[in-house]
Amino acid sequence: SRYREEEVTVEVVLRQKEELLSKLEMEEKSFAAKMESIQRNLVEIEKHEIVLREKEIIERKEENNESRKRSEANHEKTLEEKYGEQKIIHTQNINKQAGEIDVLTDVLNEVKVSLNERIAEYGEGDEKKSVSEYSFSGSEASLVS
């Protein structure tokens, strides 16, 4: 009878062990699915970020061109000495704006690299959206339906 008690105890322990291993496997699958979903969401977010950063760069370039045109128009109206002073200020502003555009472009390129790496590892996601499918209203981008 003692042998029977040990056998029942071993059977109970083995059943509990199998249940725990099964639960562990389900939890690992659930975690992997959640992680993949988050990575795919990051793909979409980074696409959106790229669109916004590209738009910001275009806007800065337009502002730069408008500023340059205004500055040039003001220079024509001023005396030679005033023209020289304004040209120095203008060049400084252009250099500053060019530096800002370079920084924005560098960040954009980093995001593109990150996106490409993420797509290579995790795919495009269930919904294939291209960067061109985002439209802008004000400062927010939204997906075109």
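In the next few minutes I will walk through the overall fold, the nonpolar core, the salt bridges and one surface patch of this chain.

Please keep in mind throughout that this is a predicted model, and that every value I quote is computed from it.

Let me start with the overall layout. The secondary structure of the protein chain comes to two helices and two strands, and if you read along the sequence you meet them in the pattern α-α-β-β. The first helix, α1, takes up residues 2–77, and α2 covers 80–122. Of the 145 residues in the protein chain, 19% count as buried, and the accessible surface comes to about 11,200 Å², with 53% of that area belonging to carbon and sulfur atoms. As for the contacts, if we take those with a separation of 6 or more, then 76% of them are between residues 24 or more positions apart.

That brings me to the interior. The largest nonpolar core has eight residues, namely Val43, Ile50, Ile57, Ile101, Leu104, Leu108, Val111 and Leu115. The elements that give two or more residues to this core are α1 and α2, and the largest share, five residues, comes from α2. A useful residue to place on your screen here is Ile50, which touches Leu108, Val111, Lys112 and Leu115 once we leave aside residues up to four places away in sequence. Three of those partners, Leu108, Val111 and Leu115, are themselves listed among the members of the core.

Now to the charged side chains. How many salt bridges does the structure hold? The count is 11, and I would like to go through several of them, beginning with pairs within helix α1.

In one of these, Arg40 forms a salt bridge with Glu36, and the closest N and O atoms are 2.4 Å apart. The two residues are four positions apart in helix α1, so about one helical turn separates them. Arg40 has a relative accessible area of 23%, so it is classed as partly exposed, and Glu36, with 33%, is partly exposed as well.

Further along the helix, Lys55 forms a salt bridge with Glu59, with 3.7 Å between the closest N and O atoms. Lys55 and Glu59 again lie four residues apart in helix α1, about one turn of the helix. The relative accessible area of Lys55 is 23%, which means that this residue is partly exposed, and Glu59, at 36% relative accessibility, also counts as partly exposed.

Next, the side chains of Arg68 and Glu72 meet in a salt bridge, at 3.3 Å from N to O. Here too both residues lie in helix α1, four residues apart, which is about one turn of the helix. Arg68 is partly exposed, with a relative accessible area of 30%, and Glu72 is partly exposed with 37%.

Beyond these pairs there is a network, in which Glu44, Lys47 and Glu124 are linked by salt bridges. Lys47 has its place in helix α1, and its side chain makes a polar contact with the side chain of Glu124, at 2.6 Å. Is Lys47 buried or exposed? Its relative accessibility is 4%, and because buried means under 20% relative accessible area, Lys47 counts as buried. I would ask you to look at Lys47 with that in mind, since it is a charged side chain in a salt-bridge network and yet it is classed as buried.

Finally, let us turn to the outside of the chain. Ile38, Leu42 and Ile45 form a nonpolar patch on the surface, and together they have about 270 Å² of accessible area. Ile45, which lies in helix α1, has a relative accessible area of 53%, and because exposed means over 50%, Ile45 counts as exposed.

To draw this together, we have a core to which α1 and α2 each give two or more residues, salt bridges such as Arg40 with Glu36, a network that includes the buried Lys47, and a surface patch made by Ile38, Leu42 and Ile45.

Conventions:
Residues numbered from 1 in each chain as written. Predicted model: local features only at pLDDT ≥ 70, side-chain atom pairs only at ≥ 80, totals over all residues. Heavy atoms only, no water. Patch = residues over 30% accessible without salt bridge, like charges linked within 9 Å, V, L, I, M, F, W, Y side chains within 5 Å. Areas by Shrake-Rupley, 256 points an atom, 1.4 Å probe, with all protein chains shown as cover. Salt bridge = Lys/Arg side-chain N within 4 Å of Asp/Glu carboxyl O. Buried < 20%, exposed > 50% of the residue type's maximum accessible area, 1.4 Å probe, protein only. Polar contact = N/O pair within 3.5 Å; in protein donor to acceptor, adjacent residues only side chain to side chain. Contact = heavy atoms within 4.5 Å. Core = buried A, V, L, I, M, F, W, Y, C linked by side-chain atoms within 4.5 Å.
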